[in-house]
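Got the viewer open? Let's take a short walk through this one, selection by selection.

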Amino acid sequence: MSEVLDGWSEFNVAMVGATAALAGLLIVAMSVNIRTILESPTLPARAAASIATLVLAIVVTGLALAPDQPAWLYGVEVLGVALLAGSFEVHAIRVIHRDATEHRGSALEQLAKSIAGVLPLVAYLGGAIALIAGAPAVGLWALGVATLLAIATAILYSWVVLVEVLR
């Protein structure tokens, strides 16, 4: 697998650094308003899902830099980390759903608020399964797309958290 991963090494190095920097900035930005965030019924779960998604991107791209690991093992690692990060997203979806139901939100609003966080997880799971199944090229492309989606989703969720703090 190392020859397949070699083509992705620059991408993974860039993503580890950029994502780690972004995670640090978001944690600092949220910590400035942590009291207000914690008073909200939905913002802590959204913030946690955002950070978990960024950590997922950091771990997946970091693990890709480990030398001489077989594709199936990398797939198993990605699968485990994605499932763990997914638990934060499931919790956020439940909290958002409960809050929207209490405030008479429509099913479409609930879906829109939740779908962004699910997209990178689905891509990570698909990539992991492709790696385990012996399709490393497909799996690595899925993981690359998943990483970009994870960053975009984390920024979106973080933006929502920070804007809601000011309301």
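**Stop one: the ring cluster**

Select Trp141 first: tryptophan 141 counts as exposed, because its relative accessibility is 58% and the exposed class begins over 50%. Keep in mind as you click around that this is a predicted model.

Now bring up the aromatic side chains. Searching the whole structure turns up two aromatic pairs. Tryptophan 8 and phenylalanine 11 make an edge-to-face pair, with 5.4 Å centre to centre and 85° between the planes. Tryptophan 8 also forms an edge-to-face pair with tryptophan 141, at 5.0 Å centre to centre and 85° between the planes. Turn on the cartoon for that pair: tryptophan 8 is in the loop between α1 (2–6) and α2 (9–32), while tryptophan 141 belongs to helix α7 (residues 136–165), so the pair ties together parts that are 133 residues apart in sequence. Show Trp8, Phe11 and Trp141 together and you have a cluster linked by ring pairs.

How does tryptophan 8 count, buried or exposed? It counts as buried, because its relative accessibility is 14% and the buried class is under 20%. Phenylalanine 11, at 23% relative accessibility, counts as partly exposed.

**Stop two: the cavity**

Keep Trp8 and Phe11 selected, since both turn up again in the lining of the largest cavity. How many cavities of 30 Å³ or more does a search of the whole structure find? Just one, and the volume of the largest cavity is about 60 Å³.

To see what surrounds the space, add the other lining residues: Leu5, Asn12, Val60, Thr61, Ala64, Tyr74, Leu140, Leu143, Gly144 and Thr147. Colour by element of secondary structure next. The elements giving two or more residues to this lining are α2, α4 (43–63) and α7. Which of them has the largest share? That's α7, with four residues.

**Stop three: the nonpolar patch**

Clear the selection, switch to a surface view and pick Trp72, Leu73, Val76 and Ile132. These residues form a nonpolar patch on the surface, and together they have about 350 Å² of accessible area. Highlight helix α5 (residues 71–102) as well: that helix gives the most to the patch, with three residues.

Finish by zooming in on leucine 73, which sits in helix α5. Leucine 73 counts as partly exposed, because its relative accessibility is 30%, and that class runs between the buried cut-off of under 20% and the exposed cut-off of over 50%.

Terms used:
Residues are numbered from 1 along each chain as its sequence is written. This is a predicted model: local features need pLDDT of at least 70, side-chain atom pairs count only at pLDDT 80 or more; totals for chains, interfaces and linings use all residues. Side-chain values use heavy atoms; hydrogens and water are left out. Patches are made of residues with over 30% relative accessible area and no salt bridge: like charges are joined within 9 Å, nonpolar side chains (Val, Leu, Ile, Met, Phe, Trp, Tyr) within 5 Å. Accessible areas come from the Shrake-Rupley method with a 1.4 Å probe; for residues, only the protein chains shown count as cover. A salt bridge is a side-chain nitrogen of Lys or Arg within 4 Å of a carboxyl oxygen of Asp or Glu. Buried means under 20% relative accessible area, exposed over 50%, partly exposed in between (1.4 Å probe, protein chains only). Rings of Phe, Tyr and Trp (its six-membered ring) pair if their centres lie within 6.5 Å; planes under 30 degrees apart count as stacked, over 60 as edge-to-face and the rest as tilted. On a 1 Å grid over the protein atoms alone, a cavity is a set of points where a 1.4 Å probe fits but cannot get out, and a pocket is an open set with protein on both sides within 12 Å along at least five of seven lines; lining residues have an atom within 4 Å of a point. Grid points are joined across faces, edges and corners, and a volume is the space filled by probe spheres set on the points.
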